[in-house]
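Trainee: Got a minute to go through this one with me? I'd like to start with a single residue and then zoom out.

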Amino acid sequence: MHDPRTRPRRAAADLRRCFDIPVLFRSAPAKKPRRQWRTAKHKAWTGSDGIPAADGWYAPTTTWREIIKAATEVGRDVTPHLQNQPRYAHGELVARVSPLYA
């Protein structure tokens, strides 16, 4: 996800597809949150380097395209396998993205 202040300006059609997602930012391990995202006050996503200065719940703006792009980039790099083992690489990408389409 991006810092809203550094995000390039979007066309009006793109802004209609944007939505806010609840994100819990923590700088250290803690107990598992329980339904706090429903009642917690979400802060604005601020920070000079794109990371919030304090722990807490935030509501950054994103699109489905950014979520699917992030899902394909997490984990090991499949780029070397695309040429050497294309079926394997394609299957791994499908496995990463298909739950998001469900």
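Trainee: Leaving aside its neighbours within four places in sequence, which residues is Arg-96 in contact with?
Mentor: Keep in mind that this is a predicted model. In it, Arg-96 touches Ala-71, Thr-72, Glu-73, Val-74, Gly-75, Arg-76 and Val-78, once those sequence neighbours within four places are set aside.

Trainee: And where does Arg-96 sit in the secondary structure?
Mentor: In helix H5, which covers residues 86-101.

Trainee: Is Arg-96 buried or exposed?
Mentor: Buried, because its relative accessibility is 16% and the cut-off for buried is under 20%.

Trainee: What does the side chain of Arg-96 make a polar contact with?
Mentor: With the side chain of Glu-92, at 2.8 Å.

Trainee: OK, zooming out. How many helices and strands are there?
Mentor: Five helices and four strands. Going along the sequence, the order is α-β-β-α-β-β-α-α-α.

Trainee: What share of the protein is buried?
Mentor: 21% of its 102 residues. As for the accessible surface, that's about 8,100 Å², with 56% of it belonging to carbon and sulfur atoms.

Trainee: Changing topic: where is confidence lowest, and where is it highest?
Mentor: Helix H1 (residues 12-16) is the low end with a mean of 60, while strand S3 (residues 56-58) is the high end at 86. The average pLDDT for the protein is 76, and 81% of the residues score at least 70.

Trainee: What should I do about the low parts?
Mentor: Where pLDDT is low, don't read the predicted coordinates in detail.

Methods. Residues numbered from 1 in each chain as written. Predicted model: local features only at pLDDT ≥ 70, side-chain atom pairs only at ≥ 80, totals over all residues. Heavy atoms only, no water. Helix = DSSP H or I, 4+ residues; strand = E, 2+ residues; numbered from the N terminus. Buried < 20%, exposed > 50% of the residue type's maximum accessible area, 1.4 Å probe, protein only. Polar contact = N/O pair within 3.5 Å; in protein donor to acceptor, adjacent residues only side chain to side chain. Contact = heavy atoms within 4.5 Å. pLDDT = per-residue confidence, 0-100. Areas by Shrake-Rupley, 256 points an atom, 1.4 Å probe, with all protein chains shown as cover.
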